[in-house]
Amino acid sequence: MKRARLLELLEVYRRELFESVTPFWLNHSLDKQRGGQFNSLDRDGSVFDTDKSMWLQGRALWMFAKLYNEVERRPEWLDAARHIYDFIMRFGFDADGRMFFSVTADGRPLRKRRYLFTETFAIIGLAEYARATGDAAARQRAIDTYRLVIGHLRNPRKLAPKIFPQTRRAKAHNLSMIMLATTQELRLAAPPDPLYQQVVADALDQILNHFLDERAEAVYEVLGADNQRLNTDDGRRITPGHAMESAAFVMHEAIAQKNDALVPPALKMIDYSMKRGWDERYGGLLYFVDSEGKPPTRLEWDMKLWWPHAEALYALLLAHHLGRDEKYARWFEAMHEYSFARFPDPEYGGWYGYLHRDGSLSTPLKGGMWKGFFHTPRALWLCWKLLGDMLA
């Protein structure tokens, strides 16, 4: 990729992050009366549902604190992080140390899920906030919550099973991926702990030696507990954007460990995901793909969502930087052209989230209980930062 193009892209990602996406959420999402962040924002930023997603509170806390720590110490970013942190600490945790998934506008519990993702996003948010402020209580709550999550994962009896284990035992790629990413973030704020190395090693083993199937040229989302393939809809499912997000975390670990051996399998994860997931008819990434070409049962399988494209942008750019292969630059340019032509809203700012297969808009919302201030700004920040490194 030529220097002139890198400079052009650097400005595009800077402008989109700092003049569109971040101001949209900063100006519209914070609940100044009751605390925390509204998640359900219409195209113009107006709130259409006042219930609050606690896992998105943790994500937004991380993002605002990360911008403050890594980009510029802007008071408005730290104020937003503190505003969300206070809400999480007041209303996010149940008496057992686990977290609520959603709460009312004033913090009353609505839902508590069996999954541990709300806790993992709180961990990274609390850890990054501790880095920004030196708040020892935030750091300790991040560490304590991390240990609680590990305890639950290592003792399955603590979590109600999704499927009767006496009938079928299975495991999911997303847990290995999220524990890798969570540990990478916690390490930045917490004292060294041998546990982090154990969790990272196990996550890498699961991702690269099991969920990545080089013979099938696929990254599977679900396997049997003994690593066997499941001939079910779940067992055949591939999520291209998720696989590329996971590949980026593996490449981050390659950099952290100075271990170049981790890069080639990560690149294969990207290769297989682009081969299977890129829509040759309309462009963009399909949401779900059946590895054997059987009919996908999830009706949103062919939609084009914001987060797979955001994650793919960064994964492809990082693959080009580490892999030194021009095909990743070409794929990045295709993903960039598709994404920037459809997701950004130049009139009101922010990114749309949901497109039909042909690229037309499905809904004008900018935020909901599943879409918040995370995937898009994280990818924009990471791309902007990496482009600067590539220029240097």
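Salt bridges are a good place to start with this predicted model, which holds 34 of them. One of these joins Lys52 and Asp31, whose side chains meet with N and O 2.8 Å apart. Lys52 belongs to strand 3 (residues 52-53), while Asp31 sits in the loop between helix 1 (3-28) and strand 1 (40-41), so the pair ties together parts of the chain that are 21 residues apart in sequence. Both partners are hidden from solvent: Lys52 is buried, with a relative accessible area of 0%, and Asp31 is buried as well, at 2%.

A second pairing brings together Asp193 and Arg147, with the closest N and O atoms 2.5 Å apart. Here the loop between helix 6 (173-189) and helix 7 (194-211) supplies Asp193 and helix 5 (residues 136-154) supplies Arg147, so this salt bridge ties together parts separated by 46 residues in sequence. Arg147 is partly exposed, because its relative accessibility is 43% and that class lies between the limits of 20% and 50%.

Turning to Lys304 and Asp279, these residues form a salt bridge in which the closest N and O atoms are 3.0 Å apart. The pair links distant parts of the chain, with Lys304 in strand 12 (residues 304-305) and Asp279 in the loop between helix 10 (263-277) and strand 11 (289-290), 25 residues apart. Both Lys304 and Asp279 are buried.

Salt bridges also join up into a network, and the residues linked in it are Lys66, Glu70, Glu128, Arg131 and Glu185.

Glu221 offers a friendly puzzle to finish with. This residue is found in the loop between strand 8 (218-219) and strand 9 (222-224). Glu221 is buried yet has no salt bridge. What is the nearest side chain of opposite charge to Glu221, and how far away is it? That side chain is Arg237, at 4.9 Å; a salt bridge requires the nitrogen and the carboxyl oxygen to be within 4 Å, so this pair does not qualify. The side chain of Glu221 does have a polar partner, however: a polar contact of 2.8 Å joins Glu221 to the side chain of His242. Looking beyond residues up to four places away in sequence, Glu221 touches Lys171, Ala172, His173, Phe211, Arg237, Thr239 and His242. Arg237 and His242 are thus both among the residues in contact with Glu221, with the polar contact made to His242.

Terms used
Residues are numbered from 1 along each chain as its sequence is written. This is a predicted model: local features need pLDDT of at least 70, side-chain atom pairs count only at pLDDT 80 or more; totals for chains, interfaces and linings use all residues. Side-chain values use heavy atoms; hydrogens and water are left out. Helices (H or I, at least four residues) and strands (E, at least two) are DSSP runs, numbered from the N terminus. Buried means under 20% relative accessible area, exposed over 50%, partly exposed in between (1.4 Å probe, protein chains only). Lys and Arg count as positive and Asp and Glu as negative; His and the chain ends are not counted. A polar contact is a pair of N or O atoms within 3.5 Å; within protein, one must be able to donate a hydrogen and the other to accept it, and residues adjacent in sequence count only if both atoms are side-chain atoms. Contact means heavy atoms within 4.5 Å.
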